[in-house]
Amino acid sequence: MAAESDHGSKAQDTRVTTGIEGFDNVLSGGFTPHRLYLVEGVPGSGKTTLALQFLLEGARRGEPVLYVTLSETEEELRGVSTSHGWSLDGIAIRELVPSEDSLRPDEQYTMFHPSEVELSETTKTILADVDRLKPTRVVFDSLSELRLLAANPLRYRRQILALKQFFVGRKCTVLLLDDLTSAHHDLQVQSIAHGVVRLEQIHPEYGAERRRLIVQKFRGVRFRGGYHDFTIRLGGIEVYPRLIASEHRPPVEMEKLASGIAEMDTLLGGGIERGTSTLIVGAAGTGKSSLAAQFVAAAAAATN
């Protein structure tokens with residue numbers, strides 16, 4: 001349901017906040033709980049930073065949270081957090097990156113395809129961690145490795161559907177990160193996910209780089225459509241929701257501005273209305289400038 005914001009909704013009280021004020025504003029309060037969401041973007045677009053802020057907000061609220069990484073090591077994640085001045089002590093990190101032992105010849109598969117061995121082992125480890133920790137927020141980084149392990153689109157889709165059912169049954173709000181490194185843009189997960197957020201990094205020929213995000217899908221929620229600029233600064237991501245003129249109109253006070261000339265004000269019904277435009281027409285020397293000066297002088301006197 002792509003639309004503008006619908007603030008003041010009671011549903012905001014049950015939303016899962018992201019820890020990013022501007023992003024929560026775009027989502028009309030945050031994510032719907034116990035759903036699976038896709039956050040996609042090219043490498044360097046800010047997915048990991050957004051995901052860490054999402055988990056840190058949960059840890060701040062006393063929730064158990066889990067970061068499952070198949071692409072970055074725990075050391076790299078802690079390096080990112082240190083650069084922003086964060087501590088990941090409240091976040092459980094499960095690192096499923098292949099170890100250096102996998103480079104040895106005797107560790108290579110000969111009879112079985114990796115999808116028949118590694119995918120099931122990876123999935124089993126993830127499910128065991130979730131059952132043990134019972135997290136309310138989970139980040140899965142990234143889908144590229146899972147896509148390669150699945151080997152074919154059918155197995156990949158079924159794996160995502162199975163994970164979705166598993167997490168929903170355990171009341172987890174899940175972010176799936178996708179770095180869009182596959183040759184073709186895969187829409188499999190977009191059709192399965194409850195919501196889709198795309199991060200973009202633009203490098204114009206002139207001027208500074210620009211980052212922006214767009215909510216491509218959010219089922220059952222009125223969110224702010226269109227692109228929204230964001231920056232990555234010390235301390236994390238800052239999102240700047242796009243401005244909508246109708247939401248920033250100041251209240252108009254319907255009052256009359258007198259000229260100070262009683263007879264003229266009587267003809268005008270008390271004066272000219274604030275916020276309107278009035279045209280004074282007349283030949284040269286008829287007193288147009290003098291009349292305008294009267295209104296200016298009266299307005300100046302009223303403010304003193």
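Here is a short tour of this predicted model, stop by stop.

**The sheet**

Start with the strands. Nine of them make up an open sheet of mixed pairing, and the order to click through is β4-β3-β5-β6-β2-β7-β8-β10-β11. At the two edges sit β4 (91-95) and β11 (236-240), each with a partner on one side only. Look along the sheet and compare neighbours: on average they are turned by 20 degrees against each other, direction ignored.

Now select β2 (residues 36-41) together with β7 (residues 195-202). These two strands run parallel and are joined by five bridges. For a landmark in this pair, pick Y37, which stands opposite G195 in β7.

**Helices on the sheet**

Next, show α3 (residues 74-83). This helix packs on the sheet, where it touches β3 (65-69) and β4, and its direction makes about 145 degrees with that of β4. Then switch to α5 (residues 143-150), which also packs on the sheet. Its contacts are with β2, β5 (137-141) and β6 (173-178), and the angle between its direction and that of β6 is about 75 degrees.

**The cores**

Time to go inside. Select F23, F31, Y67, I91, V139, L175 and V239: these have the most contacts within the largest nonpolar core, a set of 34 residues. Which helix gives the most to this core? Colour α2 (residues 47-60), which supplies six residues. There is also a second, separate core of 26 residues; A150, F166, C172 and I192 are among its members.

Stay a moment on V239. Leaving aside residues up to four places away in sequence, V239 touches I20, G22, F23, V26, L213, H228, D229 and F230.

**G44 and the pocket**

Move to G44, in the loop between β2 and α2. Is it buried, partly exposed or exposed? G44 has 47% relative accessibility, so it counts as partly exposed, a class that runs from 20% to 50%. Show its contacts and you'll find Q201 and R211, again not counting residues up to four places away in sequence. Try a distance too: G44 and L199 are 155 residues apart in sequence, yet their C-alpha atoms are 9.6 Å apart in space.

G44 also leads to the last stop, the second largest pocket, with P43, G44, K47, T48 and E72 nearest its centre among 15 lining residues. The volume of this pocket is about 180 Å³. Keep α2 coloured here, since three of its residues line the second largest pocket, the most from any element.

Methods:
Residues numbered from 1 in each chain as written. Predicted model: local features only at pLDDT ≥ 70, side-chain atom pairs only at ≥ 80, totals over all residues. Heavy atoms only, no water. Core = buried A, V, L, I, M, F, W, Y, C linked by side-chain atoms within 4.5 Å. Buried < 20%, exposed > 50% of the residue type's maximum accessible area, 1.4 Å probe, protein only. Helix = DSSP H or I, 4+ residues; strand = E, 2+ residues; numbered from the N terminus. Contact = heavy atoms within 4.5 Å. Pairing = 2+ DSSP bridges. Axes fitted to C-alpha atoms, helices over the stretch in contact; angles between N-to-C directions. 1 Å grid on protein atoms, 1.4 Å probe; cavity = no way out; pocket = protein on both sides within 12 Å on 5 of 7 lines; lining within 4 Å. Points joined across faces, edges and corners; volume = space filled by probe spheres on them.
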